[in-house]
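Please open the model in your viewer and keep the selection panel at hand, since this tour moves from one selection to the next.

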Amino acid sequence: MGTLQGQVALVTGASSGIGRAIATALAAEGVQVVAGARRAERLAELVAETGGAVTAVDLDVTDRSSVTRAVETAVGDHGRLDILVNNAGLMITAPVMRADLDDWERMVRTNLLGSMYMAHASLPHLLESRGTLVQVSSTSGRVASPTASAYAASKFGIGAFAEALRLEVTAQGVRVVVVEPGFTATELTDHAVDAESRELAAQLARAIRTLTPEDIARAAVFAVGQPRHVSVGEILVRPSDLAA
Ligand code: NDP
């Protein structure tokens, strides 16, 4: 494995779930982590737990000036940016006929446009460091399912953007990794406004061994820790109790 010691990472959506676990795992590998999200108090807990290896930055990925400020803070504080983890996201489920269009807009603005803004603002620094962009997508970025139409659309979009970016920047030494988690126990399903979907998720969580945020963090660290000549393009991680 390549060494991650001394590298600088910016992790979006680091205040809970998968982003928090990735920030913690990278810090344990000696990476200086800048953790971004909107809930400052949750970020402060993470900073306190990780003792100096993680700093917090206020970040709303839907706001272009907030995105620029967060990237400038990371580079200003540490002089470089080696890893961007584009993880911030939300999932609001509902059948198309009952969907709230504001929810669609929020999901596309956060999951898809937000990660595109982050990639755009970080890219000059990743080109300079010959760094790595980790994009957290989903199994919903590969297979769409009922009630998850807009969520899947945002995640399919993420996959398309990441692939185009990978083709553009590979020759310049930047690696693009797409991580596709299956059902992971986090706060994500708390946002599902559709009661039926929330109940289905709760039932599934009782019936199977779900993934943990740490399982996904291991996959992300594996990908970024590879030697420079190895590009791990895509990692699909499913709970082994679920075939689909
Ligand atoms: P959580 O709800 O625990 O985490 C979501 C994170 O995104 C929070 O830290 C939240 O921080 C952040 N976030 C949301 N909106 C914004 C915003 N506008 N600006 C900045 N940060 C934002 O859920 P997960 O950990 O599960 O989700 C993380 C990623 O993993 C998402 O992209 C999700 O789609 C993906 N994923 C999750 C799966 C699962 O089963 N849990 C499966 C597949 C993919 P804050 O509210 O403080 O801003």
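**Starting at the ligand**

Select the ligand together with Y151 in this predicted model, and you will find an oxygen atom of the ligand 2.6 Å from an N or O atom in the side chain of Y151. Add S16 to the selection, where an N or O atom of the side chain is 2.8 Å from an oxygen atom of the ligand. Then add D60, whose side chain places an N or O atom 2.9 Å from a nitrogen atom of the ligand. If you widen the view to the surroundings of the ligand, 30 residues appear, of which the closest are S15, R38, N87, Y151 and T186.

**From Y151 to the pair α4 and α5**

Next, select helix α4 (residues 101-129) and helix α5 (residues 149-169), whose axes are 8 Å apart and which pack at an angle of about 15 degrees; the two helices are therefore roughly parallel to each other, and their crossing is right-handed. Y151 returns here as one of the α5 residues in the contact, alongside others including I158, F161 and L165, while the α4 side includes W104, M107 and L112. Colouring the residues of this contact by type separates them into 13 nonpolar, four polar and one charged.

**The pair α1 and α2**

Finally, select helix α1 (residues 17-28) and helix α2 (residues 40-50), whose axes come within 11 Å and cross at roughly 25 degrees, an angle that makes α1 roughly parallel to α2. The crossing in which α1 passes α2 is right-handed. Show side chains for R20, A23 and T24 in α1, which meet E45, L46, E49 and T50 in α2; the residues of this contact divide into two nonpolar, two polar and three charged.

Terms used
Residues are numbered from 1 along each chain as its sequence is written. This is a predicted model: local features need pLDDT of at least 70, side-chain atom pairs count only at pLDDT 80 or more; totals for chains, interfaces and linings use all residues. Side-chain values use heavy atoms; hydrogens and water are left out. Axes are lines fitted to C-alpha atoms, for helices over the stretch in contact, and angles run from 0 to 180 degrees between N-to-C directions. Helices (H or I, at least four residues) and strands (E, at least two) are DSSP runs, numbered from the N terminus. Angles under 35 degrees count as roughly parallel, over 145 as roughly antiparallel, 65 to 115 as roughly perpendicular and the rest as oblique. A crossing is left-handed if the near helix is turned anticlockwise from the far one by less than a right angle, and right-handed if clockwise. Contact means heavy atoms within 4.5 Å. Ala, Val, Leu, Ile, Met, Phe, Trp, Tyr, Cys and Pro count as nonpolar, Asp, Glu, Lys and Arg as charged, and the others, Gly among them, as polar. A residue is near a molecule or strand if one of its heavy atoms lies within 4 Å of it. A polar contact is a pair of N or O atoms within 3.5 Å; within protein, one must be able to donate a hydrogen and the other to accept it, and residues adjacent in sequence count only if both atoms are side-chain atoms.
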